[in-house]
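Trainee: I am new to this one. Please show me the structure, and then let me ask about it.

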Amino acid sequence: MTVRATAIRVGDELPPLRIPITRTLIVSGAIASRDYQDVHHDAEAAKEKGSPDIFMNILTTNGLVGRYITDHFGSHARLQKVAIRLGAPNYPGDEMVLTGRVTAVADGTAEVSVTGRNAIGSHVTGKVTLRLPPDFPDFPDCPDAPHGEAR
């Protein structure tokens with residue numbers, strides 16, 4: 001499903017996304033983003049540095065926020081800006097719940113405020129700006145789609 005620009009309104013709430021925080025998610029996210037800092041894969045090293053366990057890196061969180069937005073708005077939504085700030089760490093065995101609310105809509109662009117909470121508090125807060133497809137019935141295959149849009 002693709003959400004059209006004309007179908008959303010300021011104040012619309014996105015359904016929550018529950019993400020189990022596993023060791024595998026933390027380690028694989030760090031490896032995939034080439035973040036080899038030991039605090040993301042070595043529990044003993046993380047403890048030596050004052051953390052109770054390994055914790056998720058910001059690049060994995062950024063990817064999960066992007067997934068949350070594109071899962072909701074559809075495959076034709078284009079992320080233009082993701083501006084996030086980390087708070088409470090995501091540790092193995094916890095769960096992060098992402099929530100979002102549309103804060104602005106103008107000229108085919110939407111802004112969504114996103115929060116991801118775990119048992120400790122807010123893991124991530126931020127805003128995502130995305131471009132939504134126009135209201136053409138068969139977008140992106142519609143021959144009347146504006147110049148520059150995917151066909």
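**Questions on the fold**

Trainee: Which residues are exposed on the other side of helix 1, opposite its buried ones?
Mentor: This is a predicted model, in which local features need pLDDT of at least 70 and side-chain atom pairs count only at pLDDT 80 or more, while totals for chains, interfaces and linings use all residues. Residues are numbered from 1 along each chain as its sequence is written, and side-chain values use heavy atoms, with hydrogens and water left out. Exposed means over 50% relative accessible area, buried under 20%, partly exposed in between (1.4 Å probe, protein chains only). On that side of helix 1, the exposed residues are Thr24 and Ala32.

Trainee: Which residues of helix 1 are buried, and which helix do they pack against?
Mentor: Helix 1 covers residues 23-32, and its buried residues are Ile26, Gly29 and Ala30. They span an arc of only 100° around the axis (taken from the directions from the helix axis to the C-beta atoms), which puts them on the same side of helix 1. Contact here means heavy atoms within 4.5 Å. The partner of these buried residues is helix 3 (58-73).

Trainee: Which residue with a positive phi follows helix 1?
Mentor: Look just past the end of helix 1. The phi there is near 60°. The residue is Arg34.

Trainee: In what order do the elements run from the N terminus on?
Mentor: Helices (H or I, at least four residues) and strands (E, at least two) are DSSP runs, numbered from the N terminus. The chain has three helices and five strands. Their order is β-α-α-α-β-β-β-β.

Trainee: What share of the contacts joins residues at least 24 apart in sequence?
Mentor: The count takes contacts between residues at least 6 apart in sequence. The chain has 151 residues, and 41% of them count as buried. The share joining residues at least 24 apart is 65%.

Trainee: Which element gives the most to the largest nonpolar core?
Mentor: A nonpolar core is a set of buried Ala, Val, Leu, Ile, Met, Phe, Trp, Tyr and Cys residues joined through side-chain atoms within 4.5 Å. The largest one has 26 residues, and Ile69, Phe73, Leu98, Val112, Val114 and Leu130 have the most contacts inside it. Strand 1 (13-20), helix 3, strand 3 (95-106), strand 4 (109-117) and strand 5 (122-131) each supply at least two residues. The one that gives the most, with five residues, is helix 3.

Trainee: Is Thr61 buried or exposed?
Mentor: Thr61 lies in helix 3. Leaving out residues up to four places away in sequence, Thr61 touches Met56, Ile84, Leu86, His123 and Val124. Its relative accessibility is 0%, so Thr61 counts as buried.

Trainee: How many salt bridges does the structure hold?
Mentor: A salt bridge is a side-chain nitrogen of Lys or Arg within 4 Å of a carboxyl oxygen of Asp or Glu. One of them joins Asp71 and Arg67, with the closest N and O atoms 3.2 Å apart. Those two are four residues apart in helix 3, so about one helical turn separates them. The total is five.

Trainee: How far apart in sequence are Glu95 and Arg18?
Mentor: Their side chains meet in a salt bridge, at 3.0 Å from N to O. Glu95 is in strand 3 and Arg18 in strand 1, so the bridge ties together parts separated by 77 residues.

Trainee: Which residue forms a salt bridge with Lys127?
Mentor: The closest N and O atoms of this pair are 3.9 Å apart. Lys127 is in strand 5 and its partner in strand 4, 16 residues apart. The partner is partly exposed, at 25% relative accessible area. That partner is Glu111.

Trainee: Which residues make the nonpolar surface patch?
Mentor: Patches use residues with over 30% relative accessible area and no salt bridge, joining like charges within 9 Å and nonpolar side chains (Val, Leu, Ile, Met, Phe, Trp, Tyr) within 5 Å. Areas come from the Shrake-Rupley method with a 1.4 Å probe; for residues, only the protein chains shown count as cover. One member, Leu59, lies in helix 3 and is partly exposed at 47%. The patch, about 240 Å², is made by Ile58, Leu59 and Leu86.
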